[in-house]
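Here are a few notes to read alongside the model, written as numbered points. Keep the structure open and find each piece as it comes up.

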Amino acid sequence: MSTIAWIGLGHMGTPMSANLVAAGHTVRGFDIAPACIEAAAARGVTTVGSVAEALEGAEACFTSLPMPAHVRSVYDGPDGIWAHAAPGTVLMDTSTVDVETSRWCHDESAARGFAFVDTPVSGGTAGAEAHSLTFMLGGAADDVERAKEYVGGMAGTVIPCGAATAGIAAKLVNNLMLFVSTLGVAEGSQLAEQLGLDAHVFYAVANASSGQSWPQRTWYPVPGVVDTAAANHNFDATFSVALSRKDCALAVQAGESTGVHLPAASLALSQFEQLIAEGFGEKDCTLITKLASPDGTLRGFDPSAG
Ligand code: NAD
């Protein structure tokens, strides 16, 4: 069994690193948020106070960080991963970032003698808890083989996508599709309600019909319909509006740089921006449903409850 460093113990990082612990690895975890450190420690992660300490004795290192800028700052600089990882450590980033940031991680890691593999994930916090995530790997073939050894304990499916940045490119496209679907589920759930349909009945119809999708099955935004929905918990984030806005913006940017027209992704992006302007950036992305509601209220959501 291995010693693995883990930087970023948030919604995804804590359950993912806990699964590595359950698989028998020693995981040395670091986060800047004390509450995240506590939550990970309660699940068997050996929590430490810095990136450097996390890397002590580690043969592999994962990052699970919010934005591209966080990834860049955690890799670079005197307190960063490159400064403290032992030669030969395999570095894997599970964050959703732009292709350019991932390319930079590959190139700068290679220049310093490290193997880097882009290892973004799909499946949400439910998939992270259930170690059923889909991992999309990008990198040199030998490095991807090494990465497979470490992601196995967290994954339901591991798909090598190709050379450096192929994993993150696949992830950006996947999430474009996710958020366009999420917008459809938001609008559909509201229309079903206004047409007088029972939410459980309509959920069963969609599940067995062509309206079925991953966000419909997993995030149906009406309380009490599906266990994994944020609607059951006042829309506390499983995947925040802020991170969803980031992912939509990354897809729209990729569309602009390739000349692909993305009106549906642009609409989802503008709706997430509206929620952020209303002060809901840290709530769940399925709060987008509120924008389809006739009077702006949403069953299961009390804005005054924080
Ligand atoms: P999160 O905000 O809950 O977790 C990120 C963690 O990184 C936070 O705990 C934060 O304190 C920590 N962090 C920030 N800067 C740091 C630093 N300098 N050093 C150490 N820790 C630092 O986000 P999340 O929902 O867990 O998502 C993490 C990444 O995975 C994002 O890129 C996201 O887009 C992607 N992702 C999320 C989901 C999801 O369903 N939540 C699914 C797939 C992929």
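1. Start where the two domains touch: 13 residues of domain 1 are in contact with 15 residues of domain 2. Please keep in mind that this is a predicted model. On the side of domain 1 that touches domain 2, the largest share comes from H7, with 3 residues. By type, that side of domain 1 divides into 7 nonpolar residues, 5 polar and 1 charged.

2. Where do the two domains begin and end? The domain assignment of the protein chain gives residues 3–163 to domain 1 and residues 170–305 to domain 2. If you place a point at the C-alpha centre of each domain, those points lie 27 Å apart.

3. Now look for the ligand. Both domain 1 and domain 2 give residues to the shell around the ligand, so the ligand lies between them. The shell has 28 residues, and the closest are Gly8, Gly10, Met12, Ser95 and Phe239. Sorted by type, the shell holds 13 nonpolar residues, 13 polar and 2 charged.

4. Which elements each supply at least two residues of that shell? They are helix H4 (68–75), strand S7 (121–122), helix H7 (124–129) and helix H12 (241–258). H4 gives the most, with 3 residues. Two of these names are worth remembering: H7 also appears in point 1, on the side of domain 1 that touches domain 2, and H12 comes back below, where it packs with H9.

5. Next come the helix pairs. Two packed helices are described by the angle between their axes and the distance between the axes. Take H9 (residues 166–194) and H13 (residues 263–277): they pack at an angle of about 70 degrees, with their axes 9 Å apart. That makes H9 roughly perpendicular to H13. The crossing of this pair is left-handed.

6. To see what joins H9 and H13, pick out Leu176, Phe179, Val180 and Leu183 in H9, which meet Ala264, Ala265, Leu267, Ala268 and Gln271 in H13. This contact has 8 nonpolar residues, 1 polar and no charged.

7. H9 also packs with H12, at an angle of about 115 degrees and with the axes 9 Å apart. Here too H9 makes a left-handed crossing. From H9, the residues are Leu172, Asn175, Leu176 and Phe179, and they meet Ser244, Asp247, Cys248, Leu250, Ala251 and Ala254 in H12. The contact of H9 with H12 divides into 7 nonpolar residues, 2 polar and 1 charged. Notice Leu176 and Phe179: both meet H12, and both meet H13 as well.

8. What about H12 and H13 themselves? Their axes come within 9 Å and cross at roughly 145 degrees, and the crossing is left-handed. H12 brings Val241, Ala242, Ser244, Arg245, Cys248, Ala249, Ala251, Val252 and Gly255 to the contact, while H13 brings Ala265, Ser266, Ala268, Leu269, Phe272, Glu273, Leu275 and Ile276. Together these residues divide into 12 nonpolar, 3 polar and 2 charged.

9. To finish, try tracing the trio on screen: H9 packs with H13, H9 packs with H12, and the axes of H12 and H13 cross. Then follow H12 back to the ligand, where this helix supplies at least two residues of the shell.

Notes: Residues are numbered from 1 along each chain as its sequence is written. This is a predicted model: local features need pLDDT of at least 70, side-chain atom pairs count only at pLDDT 80 or more; totals for chains, interfaces and linings use all residues. Axes are lines fitted to C-alpha atoms, for helices over the stretch in contact, and angles run from 0 to 180 degrees between N-to-C directions. Helices (H or I, at least four residues) and strands (E, at least two) are DSSP runs, numbered from the N terminus. Angles under 35 degrees count as roughly parallel, over 145 as roughly antiparallel, 65 to 115 as roughly perpendicular and the rest as oblique. A crossing is left-handed if the near helix is turned anticlockwise from the far one by less than a right angle, and right-handed if clockwise. Two residues are in contact if their C-beta atoms, placed from the backbone, lie within 7 Å. Ala, Val, Leu, Ile, Met, Phe, Trp, Tyr, Cys and Pro count as nonpolar, Asp, Glu, Lys and Arg as charged, and the others, Gly among them, as polar. A residue is near a molecule or strand if its C-beta atom, placed from the backbone, lies within 6 Å of it. Domain bounds come from an automatic or database domain assignment.
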